[in-house]
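Trainee: Before we discuss this model, could you show me the sequence and the structure, and then let me ask what stands behind each term?
Mentor: Here they are; ask away.

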Amino acid sequence: MKQILLIDDEQRMLDLLSLYLTPHGFSCIKKTTASEGIPFLFDHQVDLIILDVMMPAMDGWEALAAIREFSKTPIIMLTARNDNSDMIKGLKNGADDYISKPFNEDVLLARIEAVLRRSAKEDTKEKPLLFKGLSLDSISYKLSYNGNPISVTPKEFSLLELFLKYPDKVFSRDHLLSTIWELKSETENRTIDSHIRNLREKLRQAGFNVDKHLKTIWGIGYRWNDKFESR
């Protein structure tokens with residue numbers, strides 16, 4: 001169940017939002033001030049924040065700036081003002097979307113789902129692949145083991161990335177050639193074996209027990225085993 005933090009000084013609006021969202025599988029946490037909502041985020045993980053703009057003491061703009069200092073949680077701004085300058089201001093300062101009151105329930109749900117989808121895609125892109133001390137970051141193009149960098153070629157990096165993304169899947173040499181090298185000739189299979197051999201050696205030198213995980217499937221190709229096997 002996705003959790004949404006609602007911050008609005010109007011209790012009626014909090015109750016209305018919760019009434020709309022709960023039947024659609026969202027768990028709503030309601031806070032009437034930003035000074036209550038922001039400390040909550042220090043100790044709790046939520047999937048989305050719906051933040052009212054016009055609030056006393058600390059308004060939505062100030063709250064937005066404060067949250068963005070420590071959190072990337074998606075934020076939808078909610079306001080009674082239908083002003084393009086407000087919308088631009090919100091988006092430029094870290095909001096993910098902007099909804100004007102009064103709003104249509106279906107539109108609200110659609111906007112929430114769209115923001116959550118974008119957030120999920122961004123999280124997937126940003127997170128490195130982690131495996132028993134190995135860290136492979138496709139954004140910064142860095143590979144390390146227990147914090148120590150490992151230098152590999154682009155093709156070796158792509159091979160390991162594919163293995164870590166799909167553990168226990170058997171990849172034929174032809175599939176690896178067409179996916180990573182974009183080659184189709186079976187006579188180039190030795191290219192795969194050479195790169196796999198070099199990748200194994202670099203991981204061994206880094207201290208990673210690669211032979212327990214990168215398995216040769218004789219006559220077919222290779223498989224990355226995500227569990228230790230006894231010999």
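**Terms and values in the model**

Mentor: Let us begin with one pair: Thr 216 stands opposite Tyr 222 in strand 12. This is a predicted model, in which local features need pLDDT of at least 70 and side-chain atom pairs count only at pLDDT 80 or more, while totals for chains, interfaces and linings use all residues. Residues are numbered from 1 along each chain as its sequence is written, and side-chain values use heavy atoms, with hydrogens and water left out.

Trainee: What makes strand 11 and strand 12 a pair?
Mentor: Two strands pair if DSSP finds at least two bridges between them, and strands here are DSSP runs of E with at least two residues, just as helices are runs of H or I with at least four, numbered from the N terminus. Strand 11 and strand 12 have four bridges, in the antiparallel sense, so the criterion of at least two is met. The two strands form a hairpin with three residues between them, and Gly 219 in the turn has a positive phi of about 80°.

Trainee: How do you know that strand 10 pairs with strand 12?
Mentor: Three bridges join strand 10 to strand 12 (residues 221-224), and the two run antiparallel; Ser 172, for example, stands opposite Gly 221 in strand 12. The result is an open sheet of three strands in the order 10-12-11, with antiparallel pairing. Strand 10 (170-172) and strand 11 (214-217) stand at the edges because each has a single partner strand, so that one side of each is left without a neighbour in the sheet. Neighbouring strands of this sheet are turned by 30° against each other on average, direction ignored.

Trainee: Which strands does helix 6 touch in this sheet?
Mentor: Helix 6 (residues 154-165) touches strand 10, strand 11 and strand 12, its direction making about 55° with that of strand 12; contact means heavy atoms within 4.5 Å. Helix 7 (residues 173-181) lies across strand 10, strand 11 and strand 12 as well, running at about 75° to strand 10.

Trainee: Why is helix 6 called oblique to helix 7?
Mentor: Their axes come within 11 Å and cross at roughly 120°, where axes are lines fitted to C-alpha atoms, for helices over the stretch in contact, and angles run from 0 to 180 degrees between N-to-C directions. Angles under 35 degrees count as roughly parallel, over 145 as roughly antiparallel, 65 to 115 as roughly perpendicular and the rest as oblique; helix 6 is therefore oblique to helix 7. In this packing Lys 155, Ser 158, Leu 159, Leu 162 and Phe 163 in helix 6 meet Leu 176, Ile 180 and Trp 181 in helix 7.

Trainee: What makes helix 2 and helix 3 roughly parallel?
Mentor: Helix 2 (residues 34-43) and helix 3 (residues 60-68) pack at an angle of about 15°, with their axes 11 Å apart, and they are therefore roughly parallel to each other. Ala 34, Ile 38 and Leu 41 in helix 2 meet Ala 63, Ala 66 and Ile 67 in helix 3.

Trainee: Why is Ala 57 called exposed?
Mentor: Buried means under 20% relative accessible area, exposed over 50%, and partly exposed in between (1.4 Å probe, protein chains only). Ala 57 has a relative accessible area of 87% and is therefore exposed. Ala 57 lies in the loop between strand 3 (48-52) and helix 3, and its phi is near 65°, a positive value in a residue other than glycine.

Trainee: How do you know that Tyr 141 belongs to another class?
Mentor: The relative accessibility of Tyr 141 is 41%, so Tyr 141 counts as partly exposed. Tyr 141 is placed in the loop between strand 7 and strand 8, with a phi near 60°, again positive in a residue other than glycine.

Trainee: And what makes Gly 133 partly exposed?
Mentor: Its relative accessible area is 33%, and Gly 133 is therefore partly exposed. Gly 133 lies in the loop between strand 6 and strand 7 and touches Ser 144, Tyr 145 and Asn 146, not counting residues up to four places away in sequence.
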